[in-house]
Amino acid sequence: MNTELILTKVAVLAPEVRITEAYKHYLERPVIEGFTVTYAKDELIVKSESTSFVHRKNDQIIEMSTFEEKISELRSLAKKKKCKLKGINNSIKQARENYSKYFDEVINSRELFAKLVDGWYKYQIHDGYSEDVYYNQHLEVLEFRLQKMHYMNTWLMRYRGFMWTLDEAIKELSDDTRHYTMMNVHF
């Protein structure tokens with residue numbers, strides 16, 4: 001990509017990045033070996049032969065109806081297997097009360113992911129990328145903000161974890177070789 005086009009892109013997408021003569025010289029260096037940017041099916045992969053810069057999937061929204069269907073399936077299996085589900089009522093209550101917080105976090109995560117994809121589109125990393133101000137001050141910051149959204153104390157990850165818990169409980173109760181009298185299901 002032409003250096004002037006890159007500088008225009010940086011100025012538009014990351015106005016906080018100060019474009020210096022050193023950055024302009026950096027852009028004239030050769031691209032690092034094996035550098036690729038791949039975006040397919042809501043997944044972004046940016047890597048070279050020796051470094052992985054980004055490997056991230058876009059978050060999908062889990063509808064409340066999906067949780068309710070899983071809970072209904074779990075309750076039905078538990079009743080059939082005569083297994084008591086401990087904590088399920090409180091978990092459902094908590095999931096319903098906090099769904100809007102989860103939904104807002106997913107939307108925010110999807111917006112950040114879109115910015116990250118836009119930022120990497122037709123951008124390349126050159127030799128000596130410690131001097132790449134766009135990468136260091138914009139792209140890495142976006143990636144870090146997305147990483148923080150995936151800490152276990154966020155609603156996004158709590159809901160994803162609850163969905164995993166429901167799936168695992170259904171799998172365990174569906175297994176005819178196992179017999180449970182009680183199962184803990186917590187949000």
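Contact here means heavy atoms within 4.5 Å. The model is predicted, so to speak of local features we need pLDDT of at least 70, side-chain atom pairs count only at pLDDT 80 or more, and totals for chains, interfaces and linings use all residues. Residues are numbered from 1 along each chain as its sequence is written, and side-chain values use heavy atoms, with hydrogens and water left out.

**Exercise 1.** Find what Ile-125 is in contact with, leaving aside neighbours within four places in sequence.

*Solution.* Start with the aromatic partners: Tyr-26, Phe-35, Phe-53, Trp-120 and Tyr-135. Then add Val-31, Ile-32 and Asp-132.

**Exercise 2.** Place Ile-125 in the largest nonpolar core and find which elements supply that core.

*Solution.* A nonpolar core is a set of buried (under 20% relative accessible area, 1.4 Å probe, protein chains only) Ala, Val, Leu, Ile, Met, Phe, Trp, Tyr and Cys residues joined through side-chain atoms within 4.5 Å. This one has 28 residues, and Ile-125 is among those touching the most other members, as are Tyr-23 and Trp-120. Next, the elements: H1, H2, S2, S3, H5 and H6 each supply at least two residues. Helices (H or I, at least four residues) and strands (E, at least two) are DSSP runs, numbered from the N terminus. H6 gives the largest share, seven residues.

**Exercise 3.** Work out the strand order of the sheet and which strands stand at its edges.

*Solution.* Strands pair if DSSP finds at least two bridges between them. The open sheet runs S1-S2-S3, with antiparallel pairing. S1 and S3 each have a single partner strand, so one side of each lacks a neighbour in the sheet. Finally, S1 and S2 pair over five bridges, and Val-37 has Val-46 in S2 as its bridge partner.

Conventions
Buried < 20%, exposed > 50% of the residue type's maximum accessible area, 1.4 Å probe, protein only.
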